[in-house]
Amino acid sequence: CGIFGIYSSDGKLDVAKITYFGLYALQHRGQESSGIAVNDSGNIIYHKDSGLVNEVFNEVVLNHLKGYSAIGHVRYSTTGKSDRENAQPLVIKYRKGHMALAHNGNLVNAHIIREKLEQEGAIFQTTIDSEVIASLISRNRIKSENIEEAILKTMDEIKGAYSLLILTPNKLIAVRDPYGLRPLVMGRINNSICFASETCALDTIGAEYIRDVEPGEIISVSRNGIKSKKYKNCTKHLCVFEFIYFARADSYLEGISVYEIRKRLGRQLCKESYVDCDIVIGVPDSGTTAAIGFAEEAGIPFSEGFIKNRYIGRTFIKPEQSQREIAVKIKLNVLKNNVAGKRVVLIDDSIVRGTTSRKIIKMLRDAGATEVHLRISSPPVVFPCYYGIDTPDRKELIAANYLTEEIARILGADSLEYLSLNGLNEVFEGKINQFCTACFNGEYVTEIPENFNKYILE
Ligand code: SF4
Ligand code: MG
């Protein structure tokens, strides 16, 4: 998911419109639903629906969302079906007033907490784990001095990944889980503070980047200024997949350029698995930058192999397998003249189920490529993600079930090599232990409750 929030201290900014543009820049983080909530003198009004940002909002709707602070959300479902009822921000009324909440990430113990709350008579309107967070904050608020204290108590209970933006009648609050699994940055525009999942949203609205929200940090912005609190025992474990695939290439995460990392991943991949060929091509868009890095390192020309239809979203993100199969075909067409009679190195960022690579390799062969060598700019994905990237169960992860040579054969490639874990560490200058890499090595930063699966709340 993608989240964005802004607090306009003088009320002079059109916070809904700025949030709209912020979400637009974060659309790659989720295409299932979009929503914006604004706080108008203690009254929270909102609009949300399934669909892309520009489908859900128009001038008329935005003009109704007047206020001095706002949060917004674009959704990519991991927990909870992608129904309209599960759109965010969640807006709730509780004893202390209104609250809106936008969540990026995935809890691993939401089902346990929810079961307990339901036993006590709590009711839930959605099947998303985010509602469990809202419910706990509301409960903890009763015996807390302020909402920050209630959030700290909630952080004792919830486990997993969460970057949160919370709108209250007089505050905008940003929270990052104690591992910083999902990104969240803080910026400034015209003396107003804003937060976004990625810096590309700050660039879009013309805001200046201040810093990343730290793991376990709670930043509240109000009329009294900016206050920061820190949860105990925090460590840095930002999801490395944000760099490999998920984030936009023009973003900086913890000060590191996503584009630079992708290029370096390609270079490193070439160092490890060079193959003599005529051209290097990337699977658009996610494989392109690594392909450029590979080509530079190999001294083999980079060439465009495909033209992408710009008007469809990320194939992986469509939840049904049947939809995903069709989506690959309408997404890409091969540039026959560029590949016919050529030995091709094909670069992609990752293989999950193998659906994309298999189709693309077939397209290249049909277009006359004489050899297709597949190179992947990340290690094999052999463990599922429980922290908000929608990788499937182990039984659907091709690398969890087959050896690399077998995968090459299944996908129809002449050869297949993945980046090594050591190579990944190299790219991050020996600091890979400051990132989550669980989908490659199974080292989850939190405990994962037994029988956990992402459909558990349904
Ligand atoms: Fe990211 Fe993989 Fe960790 Fe999930 S398991 S947070 S995808 S690195
Ligand atoms: Mg891709």
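**Entry 1, salt bridges.** I began with the charged pairs and, by the rule I applied, the count came to 27 salt bridges. I note early that I am working with a predicted model, and I read every value below in that light. As a reminder to myself, side chains of opposite charge can pair when their charged atoms come close.

I then looked up Arg-29, which forms a salt bridge with Glu-242, with 2.8 Å between the closest N and O atoms. This pair links distant parts of the chain, since Arg-29 sits in the loop between helix H1 (15-25) and strand S2 (33-40) while Glu-242 belongs to helix H8 (residues 241-246), 213 residues apart. Is Arg-29 buried or exposed? I found a relative accessible area of 0% for Arg-29, so I entered it as buried, and Glu-242, also listed at 0%, is buried as well. Following the charges further, I saw that Arg-29 and Glu-242 are linked with Arg-182 and Glu-198 in a network of salt bridges.

**Entry 2, two further pairs.** I turned next to Lys-236, whose salt bridge with Glu-254 has its closest N and O atoms 4.0 Å apart. Lys-236 lies in the loop between strand S13 (225-230) and strand S14 (238-239), and Glu-254 in the loop between strand S15 (252-253) and strand S16 (256-257), so this pair ties together parts that are 18 residues apart in sequence. With a relative accessible area of 40%, Lys-236 goes down as partly exposed.

I also looked up Lys-395 and Asp-393, whose side chains meet in a salt bridge at 3.1 Å, N to O. Here I recorded Lys-395 as exposed because its relative accessible area is 62%, and Asp-393 as partly exposed because its value is 38%.

**Entry 3, a negative patch.** Which residues form a negative surface patch? I listed Glu-272, Glu-405, Glu-417 and Glu-426. Of these I followed up Glu-417, which I located in strand S22 (residues 415-418), and which counts as partly exposed because its relative accessibility is 37%.

**Entry 4, a buried asparagine.** I looked for Asn-106 and found it in the loop between strand S6 (97-104) and helix H4 (110-119). Its relative accessibility is 2%, so Asn-106 counts as buried, and I noted that its side chain reaches the backbone oxygen of Tyr-386 at 3.1 Å.

**Entry 5, backbone details.** I then checked the backbone, where the peptide bond from Gln-88 to Pro-89 turned out to be cis, with omega near 5 degrees; I placed Pro-89 in the loop between strand S4 (69-75) and strand S5 (90-94). The peptide bond from Pro-284 to Asp-285 is also cis, with omega near -15 degrees, and Asp-285 lies in the loop between strand S17 (279-282) and helix H10 (288-298).

What is the phi of Ser-41, which is not a glycine? I noted a positive value of about 50 degrees, and found Ser-41 in the loop between S2 and strand S3 (43-50). Because its relative accessible area is 63%, I entered Ser-41 as exposed.

Asn-191, a residue other than glycine, has a positive phi as well, near 70 degrees. I found Asn-191 in the loop between strand S9 (185-189) and strand S10 (192-196), and with 66% relative accessibility Asn-191 counts as exposed.

Terms used. Residues are numbered from 1 along each chain as its sequence is written. Chains are lettered from A and ligands numbered from 1 in the order in which they are written. This is a predicted model: local features need pLDDT of at least 70, side-chain atom pairs count only at pLDDT 80 or more; totals for chains, interfaces and linings use all residues. Side-chain values use heavy atoms; hydrogens and water are left out. Patches are made of residues with over 30% relative accessible area and no salt bridge: like charges are joined within 9 Å, nonpolar side chains (Val, Leu, Ile, Met, Phe, Trp, Tyr) within 5 Å. Accessible areas come from the Shrake-Rupley method with a 1.4 Å probe; for residues, only the protein chains shown count as cover. Lys and Arg count as positive and Asp and Glu as negative; His and the chain ends are not counted. The place of a charge is taken as NZ of Lys, CZ of Arg, CG of Asp or CD of Glu. Helices (H or I, at least four residues) and strands (E, at least two) are DSSP runs, numbered from the N terminus. Buried means under 20% relative accessible area, exposed over 50%, partly exposed in between (1.4 Å probe, protein chains only). A polar contact is a pair of N or O atoms within 3.5 Å; within protein, one must be able to donate a hydrogen and the other to accept it, and residues adjacent in sequence count only if both atoms are side-chain atoms.
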